[in-house]
Amino acid sequence: MDPLQNPTVMNPRIAILGAGVSGLATAKQLSHYNPIVFEASDSIGGVWKHCSYNSTKLQSLRCDYEFSDFPWPDRDNSSFPSHAQILDYLHAYATRFDLMKFIRFNSKVVEVRFVGNQKPTDNLADYGSLLPGQPVWEVAVRTHESESVQWHSFEFLVICIGKYGDIPKIPSFPHDKGPEIFHGQVLHNIDYSKLDHEAATELLKGKKVVIVGYKKSGIDLAMECAEANQGPEGQTCTMIVRTLHWTVPHYWVWGLPFFLFYSTRSSQLLHEKPNQTFLRACLCFLLSPLRWAISKFIESYLVWKLPLKKYGLKPDHPFEEDYASCQMAIMPENFFSEADKGRIAFKRPNKWWFWEGGIEFDAGNRLEADVVIFATGYDGKKKLKSIMPEPFRSLIEFPSGIMPLYRATIHPLIPNMAFLGYVESVANLHSADLQSKWLAHLLDEKFNLPSVEDMLEQTTKEIQMMKRTTRFYKRHCISVFSINHDDEICRDMGWNPLRKKNWLAEAFSPYTSQDYEKEE
């Protein structure tokens with residue numbers, strides 16, 4: 001049944017855009033408001049449904065990727081769940097909390113329009129009530145059944161369409177040197193993810209495949225290509241690597257669990273955090289040699305365990321910078337075994353472009369190819385800006401070029417709107433879960449937001465701190481101060497930020513969603 005026609009969903013005041021992980025978490029926490037969830041596709045799950053390959057797996061353990069009030073049934077299983085298992089888990093969560101009644105499938109939001117009485121001003125005036133009792137936003141929705149759009153009015157919007165999917169990011173090329181002159185097949189990994197196993201194998205088997213990119217999606221794609229090309233007729237899959245990032249084989253380093261280095265209070269004490277006191281800043285400076293030593297300790301293990309030097313894949317920057325920007329990836333178990341057999345090769349050109357038969361490099365050499373697949377990510381900002389009206393479209397990344405989100409949720413310059421899924425951490429589901437609880441407390445008026453100026457100041461401090469931590473700061477990742485970030489959310493909600501049972505666990509145990517199951 002259409003949620004807008006559902007008698008259990010009367011006069012919805014809140015709309016949620018997207019039914020991925022963040023959208024589901026938000027719908028659950030705001031269920032007492034009977035929200036409407038507009039989902040462009042025919043299924044929940046977001047990227048796990050629409051941007052996953054047959055081999056895609058979670059990059060963390062089950063216990064690090066679960067809702068606080070809905071643990072995995074086999075949460076102690078040490079294997080990484082597949083995307084299909086994650087979708088089953090999300091469906092079970094939606095069923096358990098009766099969230100499907102809120103979701104309007106095949107309903108794509110194509111535009112939002114501001115109709116509130118407030119107007120943005122140069123002095124960044126506050127906007128007033130979050131639920132004022134009258135429409136603030138109008139939402140244009142196009143369904144699969146109709147080319148026309150329907151407009152719906154709401155007091156508050158929660159944007160959960162995410163940074164991934166929908167709009168691929170494709171490199172630009174000089175005139176007459178782009179994909180249009182290539183005689184083979186060119187696609188983006190979002191196109192590849194729509195193929196079933198049989199079609200994907202047919203695309204790759206016996207073909208000279210070039211994969212552009214060396215992040216998780218490219219690495220997984222190279223593995224699928226190698227597996228499809230086993231046997232004497234198999235061809236080599238070549239990866240074009242522009243920017244190197246550290247990869248890890250598993251979550252152990254020289255026999256020690258990885259969480260000891262970055263996911264405990266004691267380990268995060270070594271890292272700078274926003275709003276730290278002068279004494280805390282001095283302590284962080286004094287401990288910086290230890291932080292450097294930990295990064296080198298991890299790098300030494302990775303260079304020993306993986307043939308990074310052999311294949312020219314050892315990054316020049318510290319491991320800490322990749323972790324601080326949420327770019328650490330788990331390397332598939334047999335990846336370098338396939339490289340040793342010649343099924344996967346690597347090229348590291350400064351520049352490259354297409355010719356009729358494949359790829360040409362700036363050094364003058366050419367690489368023949370039948371298929372070129374871009375694993376170059378997505379343009380999430382373009383996707384968001386495509387539905388936002390002015391002047392808010394121009395304010396999305398004001399003033400630093402990065403989206404300023406207070407508590408990773410509220411843009412200080414955009415009224416009656418929240419954003420979930422735009423700030424990254426090592427456990428994105430946990431972040432969405434806690435942020436949605438914070439948002440529910442905010443809308444329930446259990447606490448008030450600071451002034452616009454104070455929120456901008458706080459977000460500016462976060463961004464400046466990230467710039468000092470990693471050259472990849474634009475990803476807006478909170479991994480090295482995630483516990484401090486969660487502490488601040490707990491304080492806003494009136495919760496005790498110390499969630500463990502004793503001081504020893506508080507200092508040396510990793511924090512997970514289960515620590516935030518209920519108010520303490």
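User: What makes up the surface that the chain exposes?

Analyst: In this predicted model, the chain exposes about 23,100 Å², and carbon and sulfur atoms supply 52% of that area.

User: And how much of the chain counts as buried?

Analyst: Of the 520 residues, 54% count as buried. The cut-off behind that word is a relative accessible area under 20%.

User: Why is the chain called as compact as a globular protein of its length?

Analyst: Happy to walk through it! The chain holds 18 helices and 20 strands. Its radius of gyration is 24 Å, close to the 24 Å that the globule rule gives for 520 residues, so the chain is as compact as a globular protein of that length. Along the principal axes, the C-alpha trace spans about 70 × 60 × 50 Å.

User: Why is Arg62 called buried, and what does Arg62 pair with?

Analyst: Buried means under 20% relative accessible area, and Arg62 has 2%, so Arg62 counts as buried. Arg62 forms a salt bridge with Asp74, with the closest N and O atoms 3.5 Å apart. That distance fits the definition, which asks for a nitrogen within 4 Å of a carboxyl oxygen. Asp74, at 32%, counts as partly exposed.

User: What makes Arg113 and Glu138 a salt bridge?

Analyst: The closest N and O atoms of Arg113 and Glu138 are 2.6 Å apart, and the limit is 4 Å, so the pair qualifies. Arg113 lies in strand S4 and Glu138 in strand S5, so the pair ties together parts that are 25 residues apart in sequence. As for accessibility, Glu138 is buried at 18%, whereas Arg113 is partly exposed at 36%.

User: How do you know that the bridge between Lys383 and Asp166 links distant parts of the chain?

Analyst: The sequence positions tell us. In this salt bridge, the closest N and O atoms are 3.4 Å apart. Lys383 sits in helix H13 and Asp166 in the loop between strand S7 and strand S8, 217 residues apart.

User: Why is Asp166 called exposed and Lys383 buried?

Analyst: Exposed means over 50%, and Asp166 has 52%, so Asp166 is exposed. Lys383 has 6%, which is why Lys383 counts as buried.

User: Which residues form a network of salt bridges?

Analyst: Lys163, Glu424 and Arg475 are joined into one network by salt bridges that share partners. A search of the whole structure finds 27 salt bridges.

User: How many charged side chains are there, and where do the two sets centre?

Analyst: There are 57 positive and 62 negative side chains, with the centres of the two sets 4 Å apart.

Definitions and conventions: Residues are numbered from 1 along each chain as its sequence is written. This is a predicted model: local features need pLDDT of at least 70, side-chain atom pairs count only at pLDDT 80 or more; totals for chains, interfaces and linings use all residues. Side-chain values use heavy atoms; hydrogens and water are left out. Helices (H or I, at least four residues) and strands (E, at least two) are DSSP runs, numbered from the N terminus. The radius of gyration is taken over C-alpha atoms; the globule rule is 2.2 Å times the number of residues to the power 0.38. Buried means under 20% relative accessible area, exposed over 50%, partly exposed in between (1.4 Å probe, protein chains only). Accessible areas come from the Shrake-Rupley method with a 1.4 Å probe; for residues, only the protein chains shown count as cover. Lys and Arg count as positive and Asp and Glu as negative; His and the chain ends are not counted. The place of a charge is taken as NZ of Lys, CZ of Arg, CG of Asp or CD of Glu. A salt bridge is a side-chain nitrogen of Lys or Arg within 4 Å of a carboxyl oxygen of Asp or Glu.
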